[in-house]
Amino acid sequence: MITENLKNVKDKIKKTCETNNIDSEKVRLICVSKTKPENEIMECYDFGERDFGENKVQDMVDKYEHLPKDIKWHFIGHLQRNKVKYLVGKAYLIHSVDSRRLLEQIEKDYKKEGLTANVLLEINVAEEESKFGYTTKSVMDDLEYISTLENVKVKGLMTVAPYTENPNENAKYFKKLRELSVDIMDKKYDNISMEFLSMGMTGDYEVAIKEGATHVRVGTGIFGERNYK
Ligand SMILES: *Cc1c(COP(=O)(O)O)cnc(C)c1O
């Protein structure tokens, strides 16, 4: 079942790229394996997938310990400052950086180990009360500070669009994220690149790709419904 789903998702990504003249090499699929057991992750791995997403630090660390070391672990959940230290050397990309205090902590914990964190800034484009993230305005206040960091590299932006029955309604939020990345790039800060746009989930990844996503995060569409106990 998982392999079938995966084929299906990869097919849709490929088709969306073809219809929109997008180089499909530029769109990376992240299999969001949160709450899912290791054998199901290995099913994707055996199919050739290497990028997986987790939203809880402990789960990501456990899976990191048990599963093949060539897996790239994407941390996509809300990150508490006291847990940053557990991700050092294990997270390939942290998608969910949403405050200056968190940036300070990442800088500190990575510096201690002599490592550099690759991160994305999470933007709450639709300004939903229930979501974490910078607003498109507030992120601007931290760019100067970010350009001084030595052990944190900002690689782009991430957003979680609102839940909707009609994914086309999210096109405007994806567009806004892309426009924001262009605005930030134009400011030419040191240490801030805008090569990645992490946007699009099971319900709206095709729309996100059309709007320029470089990373899509698909969970349910691959693993089926999650079972939260
Ligand atoms: C759970 C999650 C996903 C995957 O959601 P699906 O709708 O199951 O594809 C993507 N991004 C984030 C940040 C998540 O927490």
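**Ring contacts, salt bridges and pockets in a predicted model**

The charged end of Arg-100 is placed over the ring of Tyr-145, at 4.0 Å from the centre of that ring. This arrangement belongs to a predicted model, and the contacts described below are likewise taken from its computed coordinates. A second arrangement of this kind involves Arg-50, whose charged end sits over the ring of Tyr-45 at a distance of 3.5 Å from the ring centre.

Arg-50 also takes part in a contact with an acidic partner, since its side chain and that of Asp-70 meet in a salt bridge with an N to O distance of 3.1 Å. Asp-70 lies in the loop between helix 3 (57-66) and strand 3, while Arg-50 lies in the loop between helix 2 (38-46) and strand 2, so the pair ties together parts of the chain that are 20 residues apart in sequence. Both residues are in part open to the surroundings: Asp-70 counts as partly exposed at 40% relative accessibility, and Arg-50 is partly exposed with a relative accessible area of 25%.

The two strands named here are also joined by a contact between rings. The structure holds one aromatic pair, formed by Phe-52 and Trp-73, which is tilted, with 6.0 Å from centre to centre and 40° between the planes. Because Phe-52 lies in strand 2 (residues 51-54) and Trp-73 in strand 3 (residues 72-75), this pair ties together parts that are 21 residues apart in sequence. Phe-52 and Trp-73 are both buried.

Side chains of opposite charge can pair when their charged atoms come close, and the structure holds 15 salt bridges. One of them joins Glu-211 and Lys-175, with an N to O distance of 3.5 Å. This pair links distant parts of the chain, as Glu-211 is found in the loop between helix 8 (205-210) and strand 8 (215-218) and Lys-175 in helix 7 (residues 171-186), 36 residues apart. The accessibility of the partners was also computed: Glu-211 counts as buried at 11% relative accessibility, whereas Lys-175, at 37%, counts as partly exposed. Another salt bridge is formed by the side chains of Lys-131 and Glu-128, at 2.5 Å from N to O; here Lys-131 is partly exposed at 25% relative accessibility, and Glu-128 is partly exposed at 22%. In addition, Glu-107, Lys-111 and Glu-150 are linked in a network of salt bridges.

Rolling a probe the size of a water molecule over the atoms shows where empty space is left. In this model, the largest pocket holds about 720 Å³ of space. Its lining is made up of 29 residues, of which Lys-34, Val-160, Ala-161, Met-201 and Arg-226 are the closest to the centre of the pocket. By residue type, the lining of the largest pocket divides into 11 nonpolar, 11 polar and seven charged residues.

The second largest pocket holds about 350 Å³ of space and is lined by 13 residues, with Lys-10, Ser-24, Val-27, Arg-28 and Leu-29 lying nearest its centre. Helix 1 (2-19) and strand 1 (28-32) each supply at least two residues of this lining, and helix 1 gives the most, with three residues. The lining of the second largest pocket consists of three nonpolar, three polar and seven charged residues.

Methods
Residues are numbered from 1 along each chain as its sequence is written. This is a predicted model: local features need pLDDT of at least 70, side-chain atom pairs count only at pLDDT 80 or more; totals for chains, interfaces and linings use all residues. Side-chain values use heavy atoms; hydrogens and water are left out. On a 1 Å grid over the protein atoms alone, a cavity is a set of points where a 1.4 Å probe fits but cannot get out, and a pocket is an open set with protein on both sides within 12 Å along at least five of seven lines; lining residues have an atom within 4 Å of a point. Grid points are joined across faces, edges and corners, and a volume is the space filled by probe spheres set on the points. Ala, Val, Leu, Ile, Met, Phe, Trp, Tyr, Cys and Pro count as nonpolar, Asp, Glu, Lys and Arg as charged, and the others, Gly among them, as polar. Helices (H or I, at least four residues) and strands (E, at least two) are DSSP runs, numbered from the N terminus. Rings of Phe, Tyr and Trp (its six-membered ring) pair if their centres lie within 6.5 Å; planes under 30 degrees apart count as stacked, over 60 as edge-to-face and the rest as tilted. Buried means under 20% relative accessible area, exposed over 50%, partly exposed in between (1.4 Å probe, protein chains only). A charge sits over a ring if NZ of Lys or CZ of Arg is within 6 Å of the ring centre and within 35 degrees of the ring normal. A salt bridge is a side-chain nitrogen of Lys or Arg within 4 Å of a carboxyl oxygen of Asp or Glu.
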